[in-house]
Amino acid sequence: MSNLQGKVALITGSASGMGKKTALRLAEQGVKIVINDIVPEKVEQTVAEFKSNGFDVLGKVADICNYESVNEMVKSAVETFGSLDILVNNAGMERAGAIRNLTEKDWDITLNVNLKGAFLCSQAVHGYMVEKGHGRIINIASRAWLGGAGQAPYASAKAGLVGLTRTLALELGRKGVTVNCIAPGLIHTPMWEELPEKNRLAFLTKQPTGKIGEDDDIANAIKFFVDDEASFITGQVFYVCGGRSLYAA
Ligand SMILES: NC(=O)c1ccc[n+]([C@@H]2O[C@H](COP(=O)([O-])OP(=O)(O)OC[C@H]3O[C@@H](n4cnc5c(N)ncnc54)[C@H](O)[C@@H]3O)[C@@H](O)[C@H]2O)c1
């Protein structure tokens, strides 16, 4: 039996993309999942899908940038499932553009969703983990934290997540809580499909593996980090990017 059986995971932004795939991967291990997203219809649909497959899930529509919503979500998750063992700070978005074209709103929303949201969720869950003497926090950054032209708010927010990861690892290490960061590279999404062929080829020439990743690649890495076998790993940035991080920006 998996050592993850019966654990409880909150995965933000898990009604789509890699968050949803991670929810599925953990649910297959017997983890009870809190599906969170800001879009109610997506939460409803994801919860219905998971329940029809026999998985134990709770749907919570909440904006992770809002202190009250986050704390209500975490409280209700603990009331429903009895504990919270795993937090995956996955929800994210990007407003891209050259610095001269970006607005203050672009900066604020990107920093709020990608960084403040992770802070608020980590703050809300850590007490339950400390009380239990066990917990796993995984922050989903991006290879872009190394720097990316046209990505000032996003790269800054993701770099902030690396700082948050390292800091919380220091604060919570002796309490049995590990905190790690996964930095995905290019992952196959609907947006990738919509790119013109020449742009896709330009991206692929910079991939040491010659290909982009899939949601599964991220879900599998997260599964490794939340497992008991990873208990001696904390404060790390782990790239899942086909080697793209080997080049600087
Ligand atoms: N897709 C990639 O190529 C890639 C590469 C590097 C890093 N990432 C990071 O991986 C994570 C997941 O990316 P994805 O491609 O699966 O994204 P996605 O857009 O498919 O899913 C993100 C989900 O987060 C939700 N969300 C947005 N704002 C929210 C908020 N305030 N509160 C709650 N939920 C909110 C969205 O509604 C969406 O369902 C993000 O943090 C992203 O920055 C993605």
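**Helix H5, the parallel sheet and the ligand shell**

In this predicted model, the cover over the buried residues of H5 includes H4, strand S5 (135-140) and strand S6 (177-184). Helix H5 itself takes in residues 152-172, 21 residues in total. From its first C-alpha to its last, H5 reaches 30 Å, close to the 30 Å expected at 1.5 Å a residue. The buried positions of H5 are Pro-153, Tyr-154, Ala-155, Ala-157, Lys-158, Leu-161, Leu-164, Thr-165, Leu-168 and Leu-172. A helical background helps in reading such a list: an α-helix has 3.6 residues a turn, so residues three or four places apart point the same way.

Turning to the sheet, seven strands form an open arrangement in the order S3-S2-S1-S4-S5-S6-S7, with parallel pairing. Strand S3 (57-61) and strand S7 (237-240) stand at the edges, and each has a single partner strand, so one side of each is left without a neighbour in the sheet. From one strand to the next, the twist averages 20°.

Within this sheet, strand S4 (residues 86-89) runs parallel to S5, and four bridges join the two. Val-88 stands opposite Ile-138 in S5. Helix H4 packs on the sheet, where it touches strand S1 (8-11), S4, S5 and S6. The direction of H4 makes about 170° with that of S4.

It is worth following Ile-138 one strand further, since its bridge partner in S6 is Asn-180. S5 and S6 pair in the parallel sense over six bridges. How is S6 placed with respect to the rest of the structure? Eight of the eight residues of S6 are buried, so this strand is largely enclosed by the rest of the structure. Both of its faces are covered. On one side lie the buried residues Val-177, Val-179, Cys-181 and Ala-183, and on the other the buried residues Thr-178, Asn-180, Ile-182 and Pro-184. Asn-180, the partner of Ile-138, thus belongs to the face that also holds Ile-182.

The ligand comes last. Of the 27 residues around the ligand, those that come nearest are Gly-13, Ser-16, Gly-17, Gly-92 and Ser-142. Helix H1 (17-27), strand S2 (32-37) and helix H4 (104-132) are the elements that give two or more residues to this shell. The largest share, three residues, comes from H1. By class, the shell around the ligand is made up of 13 nonpolar, 11 polar and three charged residues. H4 therefore appears in two settings, as a contributor to the ligand shell and as a helix packed on the sheet.

Conventions
Residues are numbered from 1 along each chain as its sequence is written. This is a predicted model: local features need pLDDT of at least 70, side-chain atom pairs count only at pLDDT 80 or more; totals for chains, interfaces and linings use all residues. A residue is near a molecule or strand if its C-beta atom, placed from the backbone, lies within 6 Å of it. Ala, Val, Leu, Ile, Met, Phe, Trp, Tyr, Cys and Pro count as nonpolar, Asp, Glu, Lys and Arg as charged, and the others, Gly among them, as polar. The expected span of a helix is 1.5 Å times one less than its number of residues. A residue is buried if 20 or more other C-beta atoms lie within 10 Å of its own, exposed if 12 or fewer, and partly exposed in between; C-beta atoms are placed from the backbone. Two residues are in contact if their C-beta atoms, placed from the backbone, lie within 7 Å. Two strands pair if DSSP finds at least two bridges between them. Axes are lines fitted to C-alpha atoms, for helices over the stretch in contact, and angles run from 0 to 180 degrees between N-to-C directions.
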